[in-house]
Amino acid sequence: MYEPDELIAAALGADPQWQPDRLTRARSRVAEIEDGLGDPWSPDNPVGLAAVLAADDSGESSVIGIRRFQNLGMPAEMVPAELGGKMAGVDLLGLVMRPFFRRDPALAFSHGFTPFLGAQMVWLNGDARQRSRMANVVLRGGMVGVACQRFEHESEFHAQEFTATWAEDGMLRLNGSKGAINNAHTAELIVGFVSTGDGATDYSILMFDPASVPPSRVRALPRHRTTGVRGVQAAGLEFLDCPLPGESLVGTWGDGVALSLRAYPAVHAAFPSMAIGLADTALRSAVRAAQERDYGTQGPVGDASARSALAGTFADLLIADCLSLTAARSTHLLPEQCDVLAAVTKYIVPKIVGEALYDLSAVMGDAFHAESGHDAVFRKQLRDLSTITFGHVSSAICQSVIAPYLPALAFVDPDAATTPADLFRLEVPLPPLDGERLSGFGGDDRLLDYLGHAAGQLPLALTGLPHADLLTGLVAGLCEEAAEIRREAAELTGDGGEDGLLFDTRSFPLSERYALLLAASACVGVWLNAGVGPDEFLDEPAWLVLALHRLLRRIGRSVPPLPREIEALTCEEVLARVRVPQSLDLLRTGLAG
Amino acid sequence: MTAAAPERVFPPEPSRVGGPAGPWANLLRDLEGSGFGMVHASLGEWRTQLPPEDERKELLGRDWERYSKLAGAPLRERFLATRMLIRHTAAVALGTEPYALELRYGLNGRVHLRGYDQIDVSLSHTADLLLCGITSLGVVGIDTEPADRRLSGQDVEGLMCTEPERKRIARAPEAERNGQLLSLWTLKEAYSKALGQGLRFPFTEFGFRMEDGEGDGAGRAARLERADGTLVEDHTWRFATCPVPGGHVAAVALQDTRRSGRPDTRASTALNRQILAAIRQSRPA
């Protein structure tokens with residue numbers, strides 16, 4: 001439950017008329033959820049990491065965890081206010097889900113992310129009755145299953161698809177078999193992408209209650225075991241000429257792909273933000289393993305390469321947070337233009353975070369292969385991340401959104417509006433998501449241009465701060481890369497095929513470098529605008545220097561050597577936040593352990 | 001129920017490629033059949049087929065800077081030959097032009113194909129041998145050494161072996177010790193490369209145990225173990241050593257996380273046609 005604002009104000013010794021700002025509310029809400037879940041490292045905590053590891057080993061979900069998810073009011077966090085929930089922005093949703101992703105990614109994926117994914121499709125595209133029906137199911141903690149369409153570059157969840165046709169009786173007929181649908185056997189509502197015609201682009205979105213169909217026309221297929229998040233209850237379903245009422249159709253018949261594209265931005269932005277919680281635990285467990293090996297618990301970390309890896313990973317989590325914060329806010333503030341930025345976020349954050357976590361394997365040493373005890377948490381988080389990010393198929397979906405936009409980068413509009421500073425500032429409230437405006441697919445978030453504006457603001461912002469020259473140089477390098485990307489975009493030969501869908505293969509590497517640049521731009525924007533309010537560590541440029549340095553290295557540009565104190569300061573911050581404990585992200589929330 | 005796919009030999013025998021022209025058919029067959037393939041090449045042979053100096057800058061792209069910093073023709077030519085081998089190997093899987101690809105390097109130097117995460121490559125070279133592995137299943141690391149490289153008796157055991165590994169080597173007949181050490185060394189290199197760690201992951205912190213018998217084909221399977229010899233039960237990983245023609249041994253570490261029956265790796269099918277069409281329709285011409 002939310003604390004009433006006046007109680008928070010009183011607790012802070014403030015004027016009772018004073019309203020806490022959005023930042024304060026976010027921090028206190030996350031702290032409240034943390035308190036409700038307790039110390040994850042305590043072996044006796046029924047929703048702690050030891051219990052979650054045991055559940056994962058036996059392939060089960062944590063029943064107590066699910067109850068806690070509901071008692072802490074998590075379902076309402078996903079539901080927009082106009083439908084009876086408390087969701088006040090995609091940026092906040094990512095933050096409040098982190099305590100669950102820190103502890104139990106399987107539960108958070110099945111009860112948080114999957115219902116949000118299915119529900120977004122309905123809330124942005126469905127009629128009033130459908131929207132309300134979905135909201136009611138989510139609000140009372142009912143399960144939602146999502147049956148994805150098949151992609152040529154398939155994954156386990158994208159390998160088969162259902163088909164639907166209209167019958168003469170005015171009802172739909174559903175056919176086909178699909179082996180992996182998350183929550184398939186427990187879902188009160190299934191959101192399905194179904195092939196609905198002869199044309200290759202004809203898809204529709206259906207929403208239906210699997211319990212309401214004639215039992216003879218549906219067959220439950222066996223459970224599908226995933227490599228990570230082993231507690232996830234994925235399974236198959238087969239429909240045999242199964243009648244469904246016409247009102248199962250969400251949005252226009254045959255428009256399923258375009259309708260799903262409206263929902264992707266919020267999903268693409270929210271998921272990486274949620275997953276920062278998962279990575280927080282992995283980084284924390286690497287710190288613990290290094291400390292225990294070197295000096296016993298809570299001590300310093302002696303090995304220089306370990307300190308460098310811990311600092312670098314933290315910088316990468318901050319990059320992920322800056323980018324997902326910016327993308328999440330863009331879904332509300334720039335709905336017509338946010339699609340590419342959100343796809344960039346979903347594309348690049350799993351790569352950045354995945355690489356950083358693999359770097360920690362060397363810090364873990366022998367503990368990397370532990371299969372029990374708290375050291376085993378590290379590799380479980382890696383395994384879970386690999387499964388829930390959907391790997392290559394998700395990259396391919398994101399690249400499909402990014403690639404068509406790349407040729408437009410060659411043209412710079414001198415009269416274009418500048419990037420709004422509110423994009424980077426969590427304290428500023430957001431308007432609700434607007435499905436109609438989200439169908440613009442404009443892609444022009446202006447973050448690439450923002451680097452040039454930021455370079456102009458830096459000299460003033462860096463007055464009296466250390467590493468000013470280094471930071472200015474790094475931003476100049478990013479601006480050079482932006483110019484290079486524009487040059488390469490001008491050389492792309494698009495629309496070569498008969499159907500205009502054959503893409504220049506140079507789009508693939510270009511889309512990745514573009515993604516890294518937008519990540520850098522988001523970091524600079526958050527720093528210049530104090531995106532999460534005053535913070536003694538974030539206000540200093542050390543983390544930004546490290547973040548941009550790592551992004552430029554990933555881009556493949558040469559960088560100056562990094563002064564030793566940059567990583568030293570960042571590593572000290574990691575150790576301090578593990579000791580206190582506070583979250584290893586932008587918001588620095590107090591944690592339960 | 002579909003019939004289980006027949007068990008394939010792991011690792012498949014590396015096929016020889018005489019130059020950029022191939023032959024590449026065996027690699028494509030292995031990749032399509034099992035999601036993993038290897039090619040080996042002779043540096044001397046590829047060196048005679050390198051593009052002329054004035055074309056290299058454009059062909060190397062972002063690798064030009066690395067190339068131009070290398071001192072002397074032998075180092076430069078080896079660098080160029082290995083980059084060509086990676087590009088041509090990847091181009092087979094992706095169905096693209098080798099020079100439309102871009103290589104990128106992880107923060108610890110691991111090579112990737114930028115923008116194409118449907119495949120993973122790993123390269124190893126020693127003396128005249130170039131060996132390149134590629135997979136569509138997840139991540140791969142390979143390593144190769146001359147079979148006659150002396151490790152035994154150099155106190156290498158203490159630097160690279162876990163206690164249980166040292167004991168097993170001490171129990172082996174003298175004549176077999178060097179071969180066992182080479183297997184362990186290449187396996188550790190391969191696994192560490194697959195994780196993107198190069199030599200950062202201390203080799204005394206994990207070990208390998210060779211499976212009994214010769215295993216599939218000419219290869220020999222191995223299992224990962226912790227520093228104390230406990231087996232690591234992670235069935236997504238496969239490890240094996242195998243001979244490479246020309247008197248070399250190689251090791252492969254392969255992780256399957258894709259879990260798809262027939263992974264399609266082609267660049268031409270990576271972008272989803274429905275999404276492209278929907279975006280195209282929504283935007284003004």
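**Domain 1 against domain 2, chain B**

I started with the buried area between domain 1 and domain 2 of chain B: about 1000 Å², 65% of it on carbon and sulfur atoms. Buried area here is the accessible area (1.4 Å probe) that two parts lose on being put together, summed over both. Asn108(B), Arg110(B) and Thr126(B) supply 40% of what domain 1 of chain B buries against domain 2, more than any other three residues.

Note to self: this is a predicted model, where local features need pLDDT of at least 70, side-chain atom pairs count only at pLDDT 80 or more, and totals for chains, interfaces and linings use all residues. Residues are numbered from 1 along each chain as its sequence is written, chains are lettered from A in the order in which they are written, and side-chain values use heavy atoms, with hydrogens and water left out.

I checked the bounds next: domain 1 of chain B is 15-136 and domain 2 is 145-254, from an automatic or database domain assignment. Their centres, over C-alpha atoms, sit 25 Å apart. The contact (heavy atoms within 4.5 Å) takes 12 residues from domain 1 of chain B and 14 from domain 2.

I looked for salt bridges (a side-chain nitrogen of Lys or Arg within 4 Å of a carboxyl oxygen of Asp or Glu) and the rule finds 0 across this domain interface. There are 4 residue pairs in polar contact, both at pLDDT 80 or more. That term means a pair of N or O atoms within 3.5 Å; within protein, one must be able to donate a hydrogen and the other to accept it, and residues adjacent in sequence count only if both atoms are side-chain atoms.

**Chain B against chain A**

Then I moved on to the other chain. Here 55 residues of chain B are in contact with 74 residues of chain A, burying about 5600 Å², of which carbon and sulfur atoms give 51%.

How many salt bridges does the rule find across the interface of chain B and chain A? I got 8. I pulled up Glu481(A) with Arg62(B), where the closest N and O atoms are 3.0 Å apart. Residue pairs in polar contact between chain B and chain A come to 30, both at pLDDT 80 or more.

On the side of chain B that touches chain A, β9 (220-226) and α9 (273-282) are the elements giving two or more residues. α9(B) gives the most, with 9 residues. I'm reading helices (H or I, at least four residues) and strands (E, at least two) as DSSP runs, numbered from the N terminus.
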